[in-house]
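Reader: Before we discuss any assignments, could you show me the sequence and the model together? I would then like to ask how each term is justified.

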Amino acid sequence: MPLLQPPEQQIHLEPAAVAKSAVAEANSTAWIHPHLEQGVDPYKGRQLRAAQPIPRGEVVLVDTPYAVIPAVDDPRTSEALLCSHPPCSRRMPCSAERLACPQGCPGDVMWCSAACQAADRVRHAFECTWLKRFAPSIREKRGEYEFGMLWLIVRILAARHVELSAEGGELTATTTTTDEQVASGRGFAQGWQAMRSFCGSEDSWSHAQVRAWTALVKKYLRHGPVLPHNLPDREVLKLICQEEANSFGLYPRETGLYPVPPDALDRGEQFGAAVYPRAAIANHSCGPNMTHKPDQHGRMIFTAAKDIAAGEECCISYFDLTQFTDLQTRRERLQTLFRFVCRMGADAIRR
């Protein structure tokens, strides 16, 4: 039994809930191990590390999604469609109550209750017109991957919109995290500020990829009546570069078991994608000391896979280690998807 667990946290929604900041609700259910801190490495940049020892089996981080989308083949038959209210994000089987958008959004947009639908009114109103106008054509012409990427960007912008509304139209200085706080391990950023601190820029990707994303921004994500975010195209392009380098796929089983057991199952079929303000700080290792897995509300749970010493970096695996078992395929995977190469040696990977 782990020695330290986060306090039991429940999301309570009143039947007559009014829309309020999804960010504020989500932050109330995040949890950070008291021995976990963040730092800066000259080569890797930001990192998570243990300020004091963290025993194997302890929960290290519980992070809530800033934005999340479902990723299912057919919403009508899926047993893992997500509630669209971000603080809930529960998986809804076919037998469960599902409430659709009354304005005729795609079938991927569902809520598990009238309370969640009411609480999500402001956020969903931001994306509703965009989805009705663009979702069918993007899916037909560009496929599910590009639709999912664009929709996740729209949901990030929607969360920003809710955050701005709660702050009276501007993000106040009370949410600012200083460089000194980051360097000392304090001050985990939240909300939109955390999104803007993600690694990833145009320089991180090929010119061809950046040109393709630039075209998508101009066609589908430009500020206007359909998507009123007031950001210049270059800022939206930067957001895509950051999202593609930092988003998490959601899978039913844990990612990062190491050493990989001989009879290990893969992590299963993806049912969603999300961005997390704090979890995105974690760097990759082909020999990670943490596993990660979403819980029933889409919160990302980091768990110590072994005893983590004081001063040791806390790492996850960015992909399923059961599917990429040798040094070459892992390096190719990292270079293709994340634009870097793991420096871990072959001997360490074989352990």
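Reader: How many bridges join β10 to strand β11, and what makes them count as paired?

Author: The model is a predicted one, in which local features need pLDDT of at least 70 and side-chain atom pairs count only at pLDDT 80 or more, while totals for chains, interfaces and linings use all residues. Residues are numbered from 1 along each chain as its sequence is written, and side-chain values use heavy atoms, with hydrogens and water left out. Strand β10 and strand β11 (residues 272–275) run antiparallel and are joined by 3 bridges; two strands pair if DSSP finds at least two bridges between them, so these two are paired. Strands here are DSSP runs of E with at least two residues, and helices are runs of H or I with at least four, both numbered from the N terminus. One of the bridge partners in β11 is Ala274, which is matched with Phe248.

Reader: Why are β5 and β10 called edge strands?

Author: The open sheet has 3 strands in the order β5-β11-β10, with antiparallel pairing. Both β5 (67–70) and β10 (248–250) pair on one side only, and they are the edge strands.

Reader: What makes the contact between Arg155 and Glu127 a salt bridge, and is each residue buried or exposed?

Author: A salt bridge requires a side-chain nitrogen of Lys or Arg within 4 Å of a carboxyl oxygen of Asp or Glu; the closest N and O atoms of Arg155 and Glu127 are 2.8 Å apart, so the pair qualifies. Buried means under 20% relative accessible area, exposed over 50%, and partly exposed in between, with a 1.4 Å probe and protein chains only. Arg155 has 4% and is therefore buried, and Glu127, at 0%, is buried as well.

Reader: How do you know that Arg222 and Asp233 form a salt bridge, and which parts of the chain do they link?

Author: Their closest N and O atoms are 2.4 Å apart, which satisfies the cut-off, so the pair is a salt bridge. Arg222 lies in the loop between α6 (207–221) and α7, whereas Asp233 lies in helix α7, 11 residues apart. Arg222 is partly exposed because its relative accessibility is 43%, and Asp233, with 22%, is also partly exposed.

Reader: Where is the kink in α3 centred, and what is meant by the bend there?

Author: The kink of about 130 degrees is centred on Gly143; the bend at a residue is the angle between axes fitted to the seven residues ending there and the seven starting there.
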